[in-house]
Amino acid sequence: MARISVIIPTYNRDRFITRAIDSVLNQTFQDVEIVVVDDGSTDNTKDIINSYGEQVRYIYQENKGAASSRNTGIEASKGEYIAFLDSDDYYTAENLQKKLSLLESNSKIGWIYSDWQYIDNKGNYLDNGSVRFNYRNKKLSGEIFEELFYKRNFIATDTVVIRRSVLEDIGFFDPTIPSQEEYELWLRVSARYPVCYINEPLVIVTIHPDSLSTDFSKWAYGNALIIDKIEKILPDNFTVRKRIMDRMHADKYTFLARDFVQKRQFKNALNAYWQSIKHFPLQKRIYWLLILLMVQFIKAHLKSFSIIKNANDFK
């Protein structure tokens, strides 16, 4: 039985999948099982995976999304530890060895993650995850539930290695959540198990043009589902519990507001932002978003005024 099972969900990524698999095969730690879950690809993925023979386990399923694919991989795997890798990303050579070493040196640690690097489609370096998510101002190791909760997700799925026993205790990814399903799992895990952070970029993550677009309506709906689940594991302390719930409801309205902004429904967006502030006034970012909303609102009205004025000039 392999010590570590690496779960690779994929969907039409035949351009990148070889790089991902090779990065696992080239690890300095070799007692590794690779499980690729093909989530309904229509490209050349199957042929590429099969060319590896017994080095890679290949599982095909109808398209159900990343959460379901990862769960399928976890259930089919046998490793004592579970690692994740998206098919368009890859590991540096010492990634698994360094993380396993720390996990085995401290039995109290339930999971571990690290810094990572972003590259574009052409392989050009963009920046580090720790820079983009401002790690200097965050608690990164130990009991980080409240840190994760208040500052939202700052852990890249590809960087996580977790004990199988932890997942069997907490549960797997929730496929009913349309977005942020990894964040919801990290919240459940961090509420019960301390984590260790490695301050070194051990994973390379590819940013695609479509990675920049965000469906905020899905985020809002996902956040509402997370509220229902996380409420069951919150501390009994009423003050702490109320503060956390207020923040979660505020986030729900914030995502709704950003969805309204994308749809140029500025009045609805303003109302949603106001609801967010009422639930949790101490949000620095919400006021910047309000300023941006007002700028967009003014620009939209000036453009409308200009169109009307130009039309009148032709009368």
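These are my notebook entries on the aromatic rings of this chain and their surroundings.

**Entry 1: getting my bearings**

I began by reminding myself that this is a predicted model. I looked up the secondary structure and found 12 helices and nine strands. The chain has 315 residues, and 50% of them count as buried. Next I checked the contacts with a separation of 6 or more, and residues 24 or more positions apart account for 72% of them. For the surface, I noted that the chain exposes about 16000 Å². Carbon and sulfur atoms supply 53% of that area.

**Entry 2: ring pairs**

How many aromatic pairs does the structure hold? I found 12, and I picked two of them to read closely.

My opening choice was Y113 with Y197. Their ring centres are 5.1 Å apart and their planes meet at 45°, so I wrote this pair down as tilted; an edge-to-face label would need an angle over 60 degrees. I then looked up where the partners sit: Y113 is in strand β6, residues 111-119, and Y197 is in strand β9, residues 195-206. They are 84 residues apart, and the pair links distant parts of the chain.

Is Y113 buried or exposed? Y113 is buried, with a relative accessible area of 0%. Y197 has 13% relative accessibility and counts as buried because the limit is under 20%.

My other choice was W116 with Y135. Here the centres are 6.2 Å apart and the planes stand at 75°, so the pair is edge-to-face. W116 lies in strand β6, while Y135 lies in the loop between α5 (129-132) and α6 (145-151). The pair therefore ties together parts that are 19 residues apart in sequence. I found both W116 and Y135 buried.

**Entry 3: the cluster**

Which residues join these rings in one aromatic cluster? I listed Y113, W116, Y118, F133, Y135, F154 and Y197. Both of my chosen pairs appear in that list.

**Entry 4: arginines over rings**

I turned to charges placed over ring faces. R132 lies over the face of Y118, at 4.1 Å from the ring centre, and Y118 is one of the cluster members. I also noted R70 over the face of F173, at 5.5 Å from the ring centre.

**Entry 5: a tryptophan outside**

Last, I went to the surface. W288, I291 and V295 make a nonpolar patch of about 330 Å² there. I placed W288 in helix α12, residues 284-313. With a relative accessible area of 60%, W288 is exposed, whereas W116 is buried.

Terms used: Residues are numbered from 1 along each chain as its sequence is written. This is a predicted model: local features need pLDDT of at least 70, side-chain atom pairs count only at pLDDT 80 or more; totals for chains, interfaces and linings use all residues. Side-chain values use heavy atoms; hydrogens and water are left out. Rings of Phe, Tyr and Trp (its six-membered ring) pair if their centres lie within 6.5 Å; planes under 30 degrees apart count as stacked, over 60 as edge-to-face and the rest as tilted. Helices (H or I, at least four residues) and strands (E, at least two) are DSSP runs, numbered from the N terminus. Buried means under 20% relative accessible area, exposed over 50%, partly exposed in between (1.4 Å probe, protein chains only). A charge sits over a ring if NZ of Lys or CZ of Arg is within 6 Å of the ring centre and within 35 degrees of the ring normal. Patches are made of residues with over 30% relative accessible area and no salt bridge: like charges are joined within 9 Å, nonpolar side chains (Val, Leu, Ile, Met, Phe, Trp, Tyr) within 5 Å. Accessible areas come from the Shrake-Rupley method with a 1.4 Å probe; for residues, only the protein chains shown count as cover. A salt bridge is a side-chain nitrogen of Lys or Arg within 4 Å of a carboxyl oxygen of Asp or Glu. Contact means heavy atoms within 4.5 Å.
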